[in-house]
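The following exercises concern a bound ligand and its surroundings. Please study the sequence and the structure before reading the solutions.

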Amino acid sequence: MSMKFSNRLMERLIEARRIVALTGAGVSAESGVPTFRGNDGIWSRFKPEELATVDAFMKNPQLVWEWYAHRKKIIASIQPNAGHVALARMEEMFEQFVLVTQNIDNLHRRAGSKTVLELHGNIERNYCMKCGSIFANDEVTIQAGAPRCEKKYEGLSCDGLVRPDVAWFGELIPEDQWKQSARAAESADVFLSIGTSGVVYPAASLPLIAKRSGAYLVEVNTERTALSDLADEFLEGASGVVLPALCDRLKGTIRSPGTIV
Ligand code: BJW
Ligand code: ZN
């Protein structure tokens with residue numbers, strides 16, 4: 001399918017030195033990872049606000065762990081899609097390309113992206129809420145209840161609750177990742193918001209920061225969102241279709257990073 005991109009968009013991209021892309025669950029949808037505010041069997045009966053909070057975890061760690069175990073299983077069995085691959089290709093085309101993701105699925109790195117800022121953590125890591133030890137997924141055994149920390153301190157097992165290393169509602173997101181993201185947004189020439197509903201803060205303020213600082217704001221989504229009216233361009237469609245088309249269009253135009261042909 002061929003896609004038409006406006007001359008204005010192509011001009012802004014060709015002139016751009018610094019690009020920031022913010023991604024959300026929509027970019028992984030075509031890989032088979034369910035979005036948050038969509039349909040996914042039994043989990044669609046829970047709102048993210050009911051599972052992705054410390055309160056929910058303390059009240060019912062088993063339920064929250066079942067949700068994460070379900071998602072870990074999906075993520076381990078699927079592959080990055082054409083949208084992830086296109087973003088990795090775009091990183092090579094520009095002087096600076098910062099990929100900021102709200103996703104915890106690691107698919108951007110698996111697709112080859114190098115500069116990835118993870119605002120909401122990574123599902124491949126877990127940590128002990130008592131002693132802070134980090135555990136890979138294969139070091140965590142999910143029994144009834146929730147996994148417990150088996151680190152020994154003076155001969156005694158720590159026994160703290162182990163949780164996924166992700167950001168839940170009400171928690172501060174990783175400060176270094178946030179600071180770098182906000183700084184990148186402030187100096188972006190073009191900002192792409194891709195596959196996110198744009199309702200979760202502070203991530204949702206990044207496009208606003210970029211726009212206020214003079215960036216050309218481009219949204220890629222299958223549906224309009226709260227951001228669409230503010231965007232300079234709304235590219236309607238699946239990221240796995242729109243991004244490869246944009247990449248192909250750019251390929252013939254940009255000779256080397258920052259060089260106008
Ligand atoms: C496609 C597609 C295809 C589909 N192609 N597109 C009032 C005002 C402002 C803020 C707050 C407030 N009350 C509370 C807050 C703070 C709160 C917040 O923002 N709440 C809002 C809901 C109102 N934020 C926080 O608590 C954050 N921390 C914080 O603010 O700390 C300071 C603080 C401390 C104490 C008290 C108060 C403040 C932390 C937020 C953490 C979010 N965590 C989660 C879970 C992460 C772990 C996990 O994955 O399990 O992050 S929730 C969930 O939402 C997840 C996502 O990253 C995030 C965003 O979702 P996303 O990616 O946008 O997905 P969807 O499903 O919503 O949208 C998918 C989109 O794709 C749709 O638009 C589709 O159309 C599209 N799409 N297929 C292209 N093929
Ligand atoms: Zn521990």
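**Exercises on ligand 1**

The largest share of the shell around ligand 1 comes from α5, which supplies three residues. The model is a predicted one.

**Exercise 1.** Determine which helices supply at least two residues each to the shell around ligand 1, and describe the make-up of that shell.

*Solution.* Step 1: the helices in question are α2 (26–29) and α5 (61–77).
Step 2: by residue class, the shell divides into 17 nonpolar, 14 polar and six charged residues.
Step 3: there are 37 residues around ligand 1, and those that come nearest are Tyr68, Gly170, Thr196, Ser197 and Tyr201.

**Exercise 2.** Explain why ligand 1 lies between domain 1 and domain 2.

*Solution.* Step 1: locate the two domains, namely domain 1 (7–33 + 79–120 + 172–260) and domain 2 (36–77 + 125–166).
Step 2: both domains give residues to the shell around ligand 1, and therefore the ligand lies between them.
Step 3: as for the site itself, ligand 1 sits in the largest pocket.

**Exercise 3.** Identify polar contacts of ligand 1, using a cut-off of 3.5 Å between N or O atoms.

*Solution.* Step 1: begin with Tyr68, where an N or O atom of the side chain is 2.5 Å from an oxygen atom of ligand 1. This distance is within the cut-off of 3.5 Å.
Step 2: turn to the backbone, where a polar atom of Ala167 is 2.9 Å from a nitrogen atom of ligand 1.
Step 3: a nitrogen atom of ligand 1 also lies 3.0 Å from a backbone N or O atom of Ser239.
Step 4: consider the surface of the ligand; ligand 1 taken alone exposes 1,500 Å², of which the protein buries 75%.

**Exercise 4.** State which residues are joined by a cis peptide bond, and which residue other than glycine has a positive phi.

*Solution.* Step 1: the cis peptide bond joins Tyr201 and Pro202, with omega at about 5°.
Step 2: Pro202 belongs to the loop between β9 (190–194) and α9 (206–212).
Step 3: the positive phi is found at Glu154, with a value near 50°.
Step 4: Glu154 is placed in the loop between β6 (152–153) and β7 (156–157).

Key
Residues are numbered from 1 along each chain as its sequence is written. Chains are lettered from A and ligands numbered from 1 in the order in which they are written. This is a predicted model: local features need pLDDT of at least 70, side-chain atom pairs count only at pLDDT 80 or more; totals for chains, interfaces and linings use all residues. Side-chain values use heavy atoms; hydrogens and water are left out. A residue is near a molecule or strand if one of its heavy atoms lies within 4 Å of it. A polar contact is a pair of N or O atoms within 3.5 Å; within protein, one must be able to donate a hydrogen and the other to accept it, and residues adjacent in sequence count only if both atoms are side-chain atoms. Accessible areas come from the Shrake-Rupley method with a 1.4 Å probe; for residues, only the protein chains shown count as cover. On a 1 Å grid over the protein atoms alone, a cavity is a set of points where a 1.4 Å probe fits but cannot get out, and a pocket is an open set with protein on both sides within 12 Å along at least five of seven lines; lining residues have an atom within 4 Å of a point. A molecule sits in a cavity or pocket if more than half of its atoms lie within 2 Å of its grid points. Helices (H or I, at least four residues) and strands (E, at least two) are DSSP runs, numbered from the N terminus. Ala, Val, Leu, Ile, Met, Phe, Trp, Tyr, Cys and Pro count as nonpolar, Asp, Glu, Lys and Arg as charged, and the others, Gly among them, as polar. Domain bounds come from an automatic or database domain assignment.
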